[in-house]
Amino acid sequence: VRAAATENAAPTAAELVRSPQLLVIAHRGLSSRFPENTLPAFTEAVKHGPDFVELDYRHTADGKPLVIHDAKLDRTTNSVSTFGAKEIVIGAKSAAELRPLDAGTWFDAKFAGTHLPTLEESLDAILAGSCCMVERKDGDAATVVELLHRKKVASRCIVQAFDWKFIADVRKLDPTIVTGLLGKEALDADKIAEARKIGSEVVGWRYTDLNADSIAAAHAAGLKVWSYTVDKPDE
């Protein structure tokens with residue numbers, strides 16, 4: 001679905017965001033058929049040719065970016081049986097402690113032994129054939145910017161977060177990285193002005209808080225408006 005691909009070259013994240021075409025984004029990988037936010041989900045998603053594959057990451061106790069959506073381990077791993085306790089947060093354990101967890105059986109027994117991937121592993125899997133939408137759940141800006149620079153993949157990623165200060169920090173470290181500001185409640189003039197000050201290209205907003213006027217105002221300010229979570233065609 002390469003909306004902005006040039007001949008013999010994969011499109012950059014900036015080209016995709018600027019494209020007037022509908023973008024196809026694989027949310028947490030091919031999460032309808034594979035355990036979300038895992039390497040199998042990312043690898044299979046890429047085979048379907050999306051413009052972006054989206055992921056979520058959080059930092060471990062030793063500051064390693066690990067790909068997982070929830071703050072707590074219970075839903076998508078066997079952490080309760082492994083550690084003998086409920087509601088353990090990712091930031092309470094080191095990357096080495098979290099590596100043995102099974103992140104696949106909760107979805108289907110055939111995915112037993114699937115690990116929680118690191119952000120670096122996930123980028124390798126996704127960028128083999130797509131661009132990456134990197135949603136930061138927690139962690140500092142310097143760590144992710146350094147990783148994208150070290151791997152020389154910053155141009156093929158969009159970094160988004162609900163934490164606008166984090167995004168502002170990303171922009172200060174590298175203003176060329178495409179960024180998205182997530183939010184909810186009224187998308188008013190103050191928020192639009194703040195988004196422009198930060199320099200982000202996209203605002204990702206709760207769809208029930210959007211209306212024609214706020215979308216038009218954001219467009220007039222040069223922002224793309226993406227919405228979440230819309231599951232019904234009439235909505």
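1. In this predicted model, strands β1 (residues 25-26) and β2 run parallel to each other and are joined by two bridges. Ile-25 has Phe-52 of β2 as its bridge partner. Between β1 and β2 the chain passes through helix α2 (residues 39-47), and the resulting β-α-β crossover is right-handed.

2. A further parallel pairing links β2 with strand β4 (residues 131-136), here over six bridges. Within this pairing, Val-53 is matched with Cys-132 of β4.

3. The pairing of β2 with strand β3 (residues 65-67) is antiparallel and has three bridges. Tyr-57 is bridged to Val-67 in β3. The two strands, β2 and β3, make a hairpin, with five residues separating them. Gly-63 lies in the turn and has a positive phi of about 80°.

4. How many of the eight residues of β2 are buried? Eight of the eight residues in β2 (residues 52-59) are buried, so the strand is largely enclosed by the rest of the structure. Buried here stands for under 20% relative accessible area.

5. The burial can also be read face by face. In a regular strand, side chains alternate between the two faces of the sheet. On one side of β2 are Phe-52, Glu-54, Asp-56 and Arg-58, and on the other are Val-53, Leu-55, Tyr-57 and His-59. Both faces are covered, and the residues named on each side are all buried. Among them are Phe-52, the bridge partner of Ile-25, and Tyr-57, the bridge partner of Val-67.

Note on methods: Residues are numbered from 1 along each chain as its sequence is written. This is a predicted model: local features need pLDDT of at least 70, side-chain atom pairs count only at pLDDT 80 or more; totals for chains, interfaces and linings use all residues. Side-chain values use heavy atoms; hydrogens and water are left out. Buried means under 20% relative accessible area, exposed over 50%, partly exposed in between (1.4 Å probe, protein chains only). Helices (H or I, at least four residues) and strands (E, at least two) are DSSP runs, numbered from the N terminus. Two strands pair if DSSP finds at least two bridges between them. A crossover is right-handed if, with the strands pointing away from the viewer, the path from the first strand over the helix to the second runs clockwise.
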